[in-house]
Amino acid sequence: MIKNAVKEPDRAPLMARRPKWRFSWDKASPVLVLIPSLIALGIFVYGFIFWNGYISLTNWNSYIPNFSFAGLKNYAAVFETFRFQADIRNIIVFTALFILGCLSLGLFLAVLIDQKIRFESFFRSIFIFPMAISFVATGVIWSWVLNPQPNAGINLILRALGDSHPPTWFLSPIIIPSIGLGLIKVGIPLALVAVAIAAVWQMSGFAMAIYLAGLRAVPDEIKEAARIDGAGAWRLFWSVIYPQLKSSTVTAVIILTAASLKVFGLVYAMTGPGQDFTTDMPTLNMFDTTFQGSQFAEGAAIATILFLLMAAFSVPYLLSVLRGENREENS
Amino acid sequence: MVKRSVGIGFATLLAASTLALAGCGTQSAAAPAKSNNSPKQLQIFSWWTGVASSKALAALDAQFNKEYPSIKVINEAVAGGAGSNAKAVLASRMEANNPPGTFQVHAGRGSLYSWVQASDMAPLNSLYKEEGWYKDYPQSLLNLLTFNGKIYAVPVDMQRGNVLWYNPTIFKKYNLTAPTTFSQFFSDAAVLKSHNITPLALANHGDWEATLLWSDVLLGTVGPQEYDALLTGKTSWSAPGVTQSTKTFVKMLAYTNSDYTALHWQQADQLVAQGSAAMNVMGDWAQGYFTTDLHLTPGTGFGWAPTPGSAGTFAVVSDVFGLPSHLKNQTATLDYLKVLGSKKGQDIFNPLKGTFSPRLDANPADYDAYSRSAMQSYKKDQLVLVIGQGAVNPAFTTAVNNAMDILISNHNVSQFVTAVASAAQSSPLS
């Protein structure tokens, strides 16, 4: 927006009198400042994405580098394994549980904090703090809290409350509804619920922060007007305030999805691949395939699939943001 | 004026960021390469970060410095994942042609052989001749380090992979003896189960522990000759012995704890030590855990025996060090290997680490009761390797671990055997 405002005036004259190009620090400096980071990004991000994609099409599946072209062989090999099929199920289920959990808990906390309570910043910090902990520490702690033994962790409380058969948490082999598809059973593995609980605990503070910013941006006049029109608190929230939080929701969903697809440390520390790969993730599979099994091309294929998944979520978002900016400019 | 100062500001910024970038470059690439060139420094790469193993390594390094004071040893140990993290770091360094001075790897046709095939290792035949090591080590061990007539590594320690650990108090109480056959194992297990004791403690959090148990069951079922033929690709994995031992393995699962996915091997051995479980199959690194961490006395606090059917066979898990071929300066590494393979070096290293020296002239008096008995078996038994501990190529090992994860939950023997057989085809063992 600002860019265009600046450019617009000198575009016309530029067309009229053909370039009398003169060097000026004003014009050159933005370019010069951008060059180092463009080079770094180009090499370390985009260069490596392409390199990874290229490796996934080669036969490099041992310590001996072999760059002969393999077509989509590695992708086919990966998709044929039980483990990867389970990974796809798990990552979808985990992402859904994780995002629903974070959004609903985050929204709830944000609404509570927005009630102009005392010590607001204190509570805000408390809810955001888990984000500062590494996923590995979270994983270890929650593997103790959700200890599968009937006489340890949270199961002690459940037993005291009269549950004689407390859940086995992340060891549960149960998948609901368990529909056979390919090599695996499709459904929600209960073991993943335990992992999602730990992840939600860690990241719901982030959703809260985003929602809180969104809530603060809703103008008081609108709420006032709705109240005068006779809207109750419930109606006020769902019909007036909530629709204004749409962009907050979209932002939170995109960032949380990225975090979810990349999840590694939490699962690695908390459960590992789990019984029958019920808590395995594509990232764990990629690590094992590449660095334990030394099958670099197959590992690269898994990484590429993950990258495409990530792109499938973030590109539509980026497009909609760009479109939104254009609309604003045009109006 | 303003314009100029802005310009200078940007120029400074640019210079600063370029410097920063250059700085990153030197840190990641140039610095280690430099240290490889210099004869003054030597990087020793391992996954020895535990209390005992890092102490043992430091003592070995100190001995090296005594003999070669001009070379500074840099400990490049990478922690975590029973060596899996270290292997990942090593793989990336080797790909970048930036190998450490020398690195820890298991004896056998696993990673070591893969590095040899990738021509990343240089042969050590002349070093062996010079040091007279061909007589100092048993030929059967050196065979595990020799490919196409060339020997590629020096062993520093010896561990055993086919050990059944048991709780002697429980065994005495129910008049049981350590099982030497599978039928005896199952009759013992039935007795233990009837007294509400978990017969066999199992861990599989690391995804390799169950593979170790299965590997030992396979060894005990088909015997060392066929076991070795399977591991070296001479016998097909569709052989009936594989199916039979996998069936035995699945039958054993009925006598284990159910939360093995959540347990690390130490926790499984803790169950045995506490008496809530009676037996565990684990390599003899477990004995360091029993004695050092749990303060138990060998023999009374914990008992041991070869796994069922494997008496007379010693499953080798040996840490060995070789000479990376892309090193600019090989002298420092060769000097280090001389100390590492010497009687003096190994006598310092092994008692501290809780392992024993693979040299034939090692003194049993330096070791505790368990290691003495293991040494005895090592010297007379047939040596084999363990799947998952350096015996077979990494791709096959990962495939077996993945198939194992499915087998222990669905108990589908034929599916498992098919998976293993097809892994042996796509990642040939010979």
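Select Phe94(A) first: at 1% relative accessibility it counts as buried (buried means under 20% relative accessible area, exposed over 50%, partly exposed in between, with a 1.4 Å probe and protein chains only). This is a predicted model, in which local features need pLDDT of at least 70, side-chain atom pairs count only at pLDDT 80 or more, and totals for chains, interfaces and linings use all residues. Residues are numbered from 1 along each chain as its sequence is written, chains are lettered from A and ligands numbered from 1 in the order in which they are written, and side-chain values use heavy atoms, without hydrogens and water.

Add Phe98(A), which is buried at 2% relative accessibility. Both residues belong to helix α4 (residues 82-113) of chain A, four residues apart, about one turn of the helix (helices, H or I of at least four residues, and strands, E of at least two, are DSSP runs numbered from the N terminus).

Turn next to chain B and select Trp304(B) and Tyr370(B), an edge-to-face aromatic pair with 5.1 Å centre to centre and 85° between the planes (rings of Phe, Tyr and Trp, the last by its six-membered ring, pair if their centres lie within 6.5 Å; planes under 30 degrees apart count as stacked, over 60 as edge-to-face and the rest as tilted). The pair links distant parts of the chain, 66 residues apart: Trp304(B) is in strand β12 (residues 303-306) and Tyr370(B) in helix α16 (residues 369-380). Trp304(B) is partly exposed at 23%, whereas Tyr370(B) is buried at 2%.

Finally, select strand β11 (residues 277-282) of chain B: six of its six residues are buried, so it is largely enclosed by the rest of the structure.
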